Amino acid sequence: MLQLSIIMSSASLSSVRFPSVRLLPSSSSSSSRPKTWVLATPAVAPVAGAEVDAARLEPRVEEKDGYFVLKEKFRGGINPQEKVKIEKDPMKLFMENEIEELAKMSMEEIDKAKITKDDIDVRLKWLGLFHRRKHQYGRFMMRLKLPNGVTTSAQTRYLASVIRKYGKDGCADVTTRQNWQIRGVVLPDVPDILKGLAEVGLTSLQSGMDNVRNPVGNPIAGIDPDEIIDTRPYTNLLSHFITANAQGNPTITNLPRKWNVCVVGTHDLFEHPHINDLAYMPATKNGRFGFNLLVGGFFSPKRCAEAIPLDAWVSADDVIPLCKAVLEAYRDLGYRGNRQKTRMMWLIDELGVEGFRAEVKKRMPEQKLERASSEDLIQKQWERRDYLGVHPQKQEGFSYVGLHIPVGRVQADDMDELARLADTYGSGELRLTVEQNIIIPHIENSKLEALLKEPLLNKFSPEPPILMKGLVACTGNQFCGQAIIETKARALKVTEEVQRLVAVTQPVRMHWTGCPNTCGQVQVADIGFLGCMARDENGKPVEGVDVFLGGRIGSDSHLGELYKKGVPCKNLVPVVVDILVKHFGAVPREREEAED
């Protein structure tokens, strides 16, 4: 398969030739009917031909001095974040190296002026830095860009060295976008950390706020015996385009809101295409390989919607031009008022699918965009595989081993050990997954027995208990100021208690999220727990959850529905036990023991 170098010239981005694809039986394309979950406000279903005034199609931004800014005439009723961007473009902190001077200031000095306070609380998110003002004043979470979740032992060791110096405040999380987030960072260290990241081929640029998030792909791309296409070249290209080879790409950094993209390479849909703003779905057309396109999937506190077909197909060579066209349409026309209505699906609602498609087509090279292909390469009737444990690679004599990382949390010593295992038994490579786990690829079969005896695998097991396998949790209020409840430790504790009470024979995916922003993606889980304040038996406010049920991933994807509101966390175990028995065939332990 094609291997791409870390750095590619911008001129080469749209002219790369991709590998041929192994064709599999085609199946009919999915329905275009949107599936929407609503929390508080009704969703507006996208329509085919909405009437849109021509004046509405005037771009709302213009280029000034290398940055895209909102035009004066469109500044009425905008949200506070837009005002911060107008006051100073956040990318100047990186592209004009303003971070160097900011890092020399004390927090007390920074907080005295609105411009610098906004720098650390808002604008630094364009550099992937999130100030934890509420719970860790003066410390930052740093989010990286890690296309396809692929990383190296050297990169992992460097990140471990960064968090180690912060003691108990330093740790790292595997995210639900195949990415690393590191914690405990202090501002004076940031310039050196950014340089260190660049030296090992990493960047944190454009990973937060109104930017394109980490491009997701098949976590076993290139080693998967059943893959449709190796997604790594595409996700690498997307990441290089998005950040202009980690130099900063201000043409797409002033979006109305965050924006997610994935490239699907497997029938398992490990990439979760239906919750991305843009998903590339492999399909052939007249003997050419390319992608059908889904658009508009997102989660938010007020509305969650599945991506819908754009009725468009692009060749492999047009992956970048298409991404650029979609982003520019969203940048130019997206709503910038109420932040709850600024995700791209709201623009699709307003323009209609055909209207939005026309705006994308207008921004394509030669203003051409083919209609969707009927030759979908994804097999709809496909049983999703488990990547945890030992599995043979397509390369004879080699295997990969999927390790379960409980709720994605790792410490510096863990990262060093993972890097050592990757070097000793594999090729020095690690893969992160959207379920917050890690895969070690390229292990010679003769080395498997020794690897499986390594002490670290007692903590990060390739064969975890069945209820632990599908457990996902966001950061929670330990570090995140948005979170209403603690999630990671509680998710583990509740699951441990539940599995002592019932036995299950099938995997059950349980996701926890600390607030309605749903970073833990509770709506795609079999059982989801969304943090809220509840009342106990005495009417006292306590940490609680809204329970969701029935989320599905894969070709029959479906967003979960609210099952029970306001359950106090201390009363949650019997509720989960009851759900598992009634809906997932679980058997109470005492009954199982009696039958034995």
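**Two open sheets and a pocket in a predicted model**

Strands β16 and β19 run antiparallel and are joined by five bridges. This pairing is a convenient way into the structure, which is a predicted model. One contact point along this pairing is Leu-403, whose bridge partner in β19 is Ile-438. Strand β16 is mostly covered, with five of its six residues buried.

On its other flank, β16 meets β15 in the open sheet of five strands, whose order is β6-β18-β19-β16-β15 and whose pairing is antiparallel. Because β6 (150-152) and β15 stand at the edges with a single partner strand each, one side of each has no neighbour in the sheet. Averaged over the sheet and with direction ignored, neighbouring strands are turned by 30 degrees against each other.

The pairing of β15 (residues 389-392) with β16 (residues 398-403) is antiparallel and consists of four bridges. Two of the residue pairs can be picked out by eye: Gly-389 has Gly-402 of β16 as its bridge partner, while Pro-392 is partnered by Ser-399 of β16. The hairpin formed by β15 and β16 has five residues between the strands, and Gly-397 takes a positive phi near 90 degrees there. Elsewhere in this sheet, β18 (residues 429-432) and β19 (residues 438-444) run antiparallel and are joined by two bridges. Here Arg-431 is found opposite Ile-439 in β19.

Two helices can be followed against this sheet. Helix α6 (residues 153-164) lies across β6 and β18, and runs at about 75 degrees to β6. Helix α12 (residues 412-425) lies across β16, β18 and β19, with an angle of about 20 degrees to β19. Strand β18 is thus crossed by α6 and also by α12.

A further open sheet, again of five strands, has mixed pairing and the order β20-β22-β23-β24-β25. Its edges are β20 (471-473) and β25 (561-568); each has a single partner strand, so one side of each is left without a neighbour in the sheet. In this sheet, neighbouring strands are turned by 25 degrees against each other on average, direction ignored. Strands β23 (residues 527-535) and β24 (residues 541-549) pair in the antiparallel sense, and nine bridges make up their pairing. Among the residues involved is Gly-528, which has Phe-548 of β24 as its bridge partner.

Helices also accompany this mixed sheet. Helix α16 (residues 488-501) packs on the sheet and touches β20, β22 (510-513) and β24, its direction making about 155 degrees with that of β20. Helix α17 (residues 572-584) lies across β22, β23, β24 and β25, and runs at about 155 degrees to β25.

Attention next turns to the open space in the model. The largest pocket holds about 1,400 Å³ of space. It is lined by 50 residues, and those closest to its centre are Phe-130, Arg-143, Gln-482, Asn-517 and Cys-519. The elements that contribute two or more residues to the lining are β4 (129-131), β5 (139-143), β7 (171-174) and β8 (180-186). By residue class, the lining comprises 15 nonpolar, 20 polar and 15 charged residues.

A single loop residue can also be placed. Asp-317 sits in the loop between β13 (308-315) and α9 (319-333). With a relative accessible area of 25%, Asp-317 is partly exposed, because the cut-off for a buried residue is under 20% and that for an exposed one is over 50%. The C-alpha atom of Asp-317 is separated by 8.0 Å from that of Gly-290, a residue 27 positions away along the chain.

Finally, some totals put these details in the setting of the whole chain. The protein chain contains 18 helices and 26 strands. Of its 596 residues, 61% are buried. When contacts between residues at least 6 apart in sequence are considered, 69% of them join residues at least 24 apart.

Conventions
Residues numbered from 1 in each chain as written. Predicted model: local features only at pLDDT ≥ 70, side-chain atom pairs only at ≥ 80, totals over all residues. Heavy atoms only, no water. Buried < 20%, exposed > 50% of the residue type's maximum accessible area, 1.4 Å probe, protein only. 1 Å grid on protein atoms, 1.4 Å probe; cavity = no way out; pocket = protein on both sides within 12 Å on 5 of 7 lines; lining within 4 Å. Points joined across faces, edges and corners; volume = space filled by probe spheres on them. Nonpolar A, V, L, I, M, F, W, Y, C, P; charged D, E, K, R; others polar. Pairing = 2+ DSSP bridges. Axes fitted to C-alpha atoms, helices over the stretch in contact; angles between N-to-C directions. Contact = heavy atoms within 4.5 Å.
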